Amino acid sequence: PLDEAISFYHPDDIPILESALQEAMTTGKPFDLELRFSSSKGNEILTRVICSPLMKDGKVVKVYGTFQDITLQKEAENEIQKAKEEVEFFMDLLGHDLGNIHQGVAGSLQLLDRKLEKEMGVQRILKLAKESVQNATELTKEVVLLSKLRHEEPDLQGIALTETINK
């Protein structure tokens, strides 16, 4: 029955599963794999296969396992990843375009400032406009920086849960 069940897995994934099963049955090493599977009706799905060997006197006496269809979960994860990439692209584009707009406005204000040096009322308005452009430019830089920082992968390290529990 096990050989028959294994035959439903994708041909490229069968050696991976067989190797993990062999190691689990001989050494007691558990595994958690994501493998492609074809149902008896020919439907392709992505599965999660988890195996936990039961040891007695240093030998494997039973192998417990679960089988989950994770196709929808993986499709959702892929959609989320695509959406994140699109948001990142538009954030970069927005930051770049806003920066260009700010530079254009700041340059125009600087030209106006030179032309109207002696007009005191206009000077006050120009000063406020320049400060607003500077604030907007700083805010845009911070948003772009935050966007980049948010997308950096954290430095995570895996742990062997079974070893940690047994300590």
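Me: What does the accessible surface of the chain come to, and what share of this surface belongs to carbon and sulfur atoms?

Reply: In this predicted model, the accessible surface of the chain comes to about 13100 Å², and 57% of that area belongs to carbon and sulfur atoms. Of the 167 residues of the chain, 19% count as buried, a label that requires a relative accessible area under 20%.

Me: What pattern does the chain follow when read along the sequence?

Reply: The chain has five helices and three strands, and along the sequence these elements follow the pattern α-α-β-β-β-α-α-α. Among the contacts with a separation of 6 or more, 38% join residues that are 24 or more positions apart.

Me: What makes E1 and E2 a pair of strands?

Reply: Two strands pair if at least two bridges are found between them, and E1 and strand E2 (residues 44-56) have eight, in the antiparallel sense, so the condition is met. One of the residues involved is phenylalanine 31, whose bridge partner in E2 is cysteine 51, while glutamate 34 stands opposite arginine 48 in E2. The two strands form a hairpin with five residues between them, and glycine 42 in the turn has a positive phi of about 90°.

Me: How many bridges join E2 and E3, and in which sense do these strands pair?

Reply: E2 and E3 are joined by ten bridges in the antiparallel sense, and since at least two bridges are needed, these strands count as paired. Isoleucine 50 has threonine 66 in E3 as its bridge partner. The hairpin of E2 and E3 has two residues between the strands, and aspartate 57 takes a positive phi near 55° there.

Me: Why are E1 and E3 called edge strands?

Reply: The three strands form an open sheet in the order E1-E2-E3, with antiparallel pairing. Strand E1 (31-38) and strand E3 (59-69) each pair on one side only, and they are the edge strands. Neighbouring strands of this sheet are turned by 30° against each other on average, direction ignored.

Me: Where does H2 lie relative to the strands, and why is alanine 20 in this helix called buried?

Reply: H2 lies across E1, E2 and E3, running at about 145° to E1. Alanine 20 is found in helix H2, and because its relative accessible area is 13%, which falls under the 20% limit, this residue is called buried. Leaving aside neighbours within four places in sequence, alanine 20 is in contact with Phe31 and Leu33. Alanine 20 and leucine 33 are 13 residues apart in sequence and 8.8 Å apart in space, C-alpha to C-alpha.

Me: Why is methionine 25 called partly exposed, and which residues make a nonpolar surface patch with this residue?

Reply: Methionine 25 lies in helix H2 (residues 14-27), and its relative accessible area is 41%; buried means under 20% and exposed means over 50%, so methionine 25 falls in between and counts as partly exposed. Methionine 25 makes a nonpolar surface patch of about 250 Å² with Leu2 and Val63, and its 41% also satisfies the requirement of over 30% for residues in a patch.

Me: What makes the pair of arginine 48 and aspartate 32 a salt bridge?

Reply: The closest N and O atoms of arginine 48 and aspartate 32 are 2.4 Å apart, which is within the 4 Å limit, so the pair qualifies as a salt bridge. Arginine 48 lies in strand E2 and aspartate 32 in strand E1, so this pair ties together parts that are 16 residues apart in sequence. Arginine 48 is partly exposed at 29% relative accessible area, and aspartate 32, at 41%, counts as partly exposed as well.

Me: Why does the pair of glutamate 23 and lysine 29 count as a salt bridge?

Reply: The closest N and O atoms of this pair are 3.8 Å apart, and because the limit is 4 Å, glutamate 23 and lysine 29 form a salt bridge. Glutamate 23 has a relative accessible area of 33% and lysine 29 one of 45%, so each is called partly exposed. The count for the chain comes to six salt bridges.

Me: Which residues are linked with Glu34 in a network of salt bridges?

Reply: Glu34 is linked with Lys74 and Glu77 in such a network. The side chains of glutamate 77 and lysine 74 meet at 3.1 Å, N to O, which is within 4 Å and therefore a salt bridge. Both residues lie in helix H3 (residues 71-115), three residues apart, about one turn of the helix.

How values were computed:
Residues numbered from 1 in each chain as written. Predicted model: local features only at pLDDT ≥ 70, side-chain atom pairs only at ≥ 80, totals over all residues. Heavy atoms only, no water. Patch = residues over 30% accessible without salt bridge, like charges linked within 9 Å, V, L, I, M, F, W, Y side chains within 5 Å. Areas by Shrake-Rupley, 256 points an atom, 1.4 Å probe, with all protein chains shown as cover. Helix = DSSP H or I, 4+ residues; strand = E, 2+ residues; numbered from the N terminus. Buried < 20%, exposed > 50% of the residue type's maximum accessible area, 1.4 Å probe, protein only. Axes fitted to C-alpha atoms, helices over the stretch in contact; angles between N-to-C directions. Contact = heavy atoms within 4.5 Å.
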